[in-house]
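Me: I should like to go through the reasoning behind the descriptions given for this protein. Please set each value against its criterion.

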Amino acid sequence: MRYIDLRSDTVTQPTEAMRQSMLHAEVGDDVYGEDPSINALEHKGAELLGKEAALFVPSGTMSNLLAMMSHCQRGEGAVLGSASHIYRYEAQGSAVLGSVALQPLPMQADGTLALADVRAALAPDDAHFVQTRLICLENTHNGKVLPLSYLHEMRAFADSRGLQLHLDGARLFNAVVASGESVQAIAAPFDSVSVCLSKGLGAPVGSLLVGSRDFIGRARRLRKMLGGGMRQAGILAQAALFALDQHVTRLADDHRRAKRLAEGLAALPGIELELAEVQTNMVFLRLSKEQSERLLAFMKERGILFSGYGEMRLVTHLQLTDDDIEEVIDAFTEYLSA
Ligand SMILES: Cc1ncc(COP(=O)(O)O)c(CN[C@H](C(=O)O)[C@H](C)O)c1O
């Protein structure tokens, strides 16, 4: 059965054209630095984001972990959003494996951290307190794009306090396409950026971590220590190169479909959603837990999958069509009129 799968853009699968490209990828042993496709991807990633170097990593979670461990010594602190992926959905790996002290802060509705909260989280240089080394932001966060002015404000603040700035840019290209800002402009304020290639971009595996040559050197060593050294993974890197060439501008289709979905659902009785929050490829609904369970079961019977309880998330991506979106709206209409 083919499902209309709105659980996440992590479910994207390689297109036939991408698979053909993968078939002919040049490969080598990447632990020796000899995989031509990985070397080409890392060179392209560094150039695209305007940084000195890049590292191809098996997942966004590992990419963020390497960033945290490469920025922070054991016992140093990282300020981040309490609803951020790094804090909530990475099993606190940077605390467990990297001994980084995580300092969560409330996230504003737009995904930003209030500067006043960040300032208050920084302790004086006193042996009683964790010394913060890093601030982590997420763009997009729940599909919302961080304003460029905010990024510059956080950069200035980080500089004023001698802090590093990391971006979990799992959906950076969604932010680029939605905002019209260049990749370099969004990446420039950050010392390091993690970009997922396996979400909306449609590669089967992988992320890129970009930053200074020294920073990426530390991250590469840590990746090997964590068992992330790869051999002939150029087959995967070639998919990512294909995605960067062919699948960035088409993200606008995902955003258009999310907007259409949101407008269709917002017109239905009993559906609570904020159209203004639909800036890229995610639509969030707020329903009671009981309603959520009934709704998910009803939709699954009709071959429609999405996730969440209470706040439900519907994510558009490469494998969805305009007809799929209309079918989802029709299914909601049927559910709500039952
Ligand atoms: C902002 C952000 N940063 C990092 C990651 C981790 O990437 P992977 O480890 O899954 O490659 C994700 C994945 N997010 C996944 C999803 O959205 O379905 C789940 C929640 O892990 C992410 O959304």
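**Reasoning from values to terms**

Reply: A starting point is threonine 140, which lies in the loop between β5 (132-138) and α7 (148-160). The model is a predicted one.

Me: What makes the bond between asparagine 139 and threonine 140 a cis peptide bond?

Reply: The omega angle is about 0 degrees, and the peptide bond joining asparagine 139 and threonine 140 is cis.

Me: What is notable about phi of alanine 91, and where is that residue placed?

Reply: Phi of alanine 91 is near 55 degrees, a positive value in a residue other than glycine. Alanine 91 belongs to the loop between α4 (85-88) and α5 (93-96).

Me: Why is the contact of serine 8 with the ligand called polar?

Reply: A polar contact requires a pair of N or O atoms within 3.5 Å. An N or O atom in the side chain of serine 8 is 2.8 Å from an oxygen atom of the ligand, so the pair meets the criterion.

Me: How do you know that histidine 85 and arginine 313 make polar contacts with the ligand?

Reply: For histidine 85, an N or O atom of the side chain is 2.8 Å from a ligand oxygen. For arginine 313, a polar side-chain atom lies 2.8 Å from an oxygen atom of the ligand. Both pairs are therefore within the 3.5 Å cut-off. Taken alone, the ligand exposes 510 Å², and the protein buries 78% of that.

Me: Which residues surround the ligand most closely, and what is the make-up of the shell?

Reply: Of the 15 residues that surround the ligand, the closest are Ser8, Thr61, His85, Asp168 and Arg313. The shell divides into two nonpolar, seven polar and six charged residues. Helix α3 (residues 60-71) gives the most to this shell, with three residues. The space that the ligand takes is the largest pocket.

Me: Why is the protein called as compact as a globular protein of its length?

Reply: The secondary structure comes to 14 helices and eleven strands. The radius of gyration is 20 Å, close to the 20 Å that the globule rule gives for 338 residues, so the protein is as compact as a globular protein of that length. Along its principal axes, the C-alpha trace spans about 60 × 50 × 35 Å.

Definitions and conventions: Residues numbered from 1 in each chain as written. Predicted model: local features only at pLDDT ≥ 70, side-chain atom pairs only at ≥ 80, totals over all residues. Heavy atoms only, no water. Near = heavy atom within 4 Å. Polar contact = N/O pair within 3.5 Å; in protein donor to acceptor, adjacent residues only side chain to side chain. Areas by Shrake-Rupley, 256 points an atom, 1.4 Å probe, with all protein chains shown as cover. 1 Å grid on protein atoms, 1.4 Å probe; cavity = no way out; pocket = protein on both sides within 12 Å on 5 of 7 lines; lining within 4 Å. Sits in = over half its atoms within 2 Å of the grid points. Helix = DSSP H or I, 4+ residues; strand = E, 2+ residues; numbered from the N terminus. Nonpolar A, V, L, I, M, F, W, Y, C, P; charged D, E, K, R; others polar. Rg over C-alpha atoms; globule rule 2.2 N^0.38 Å.
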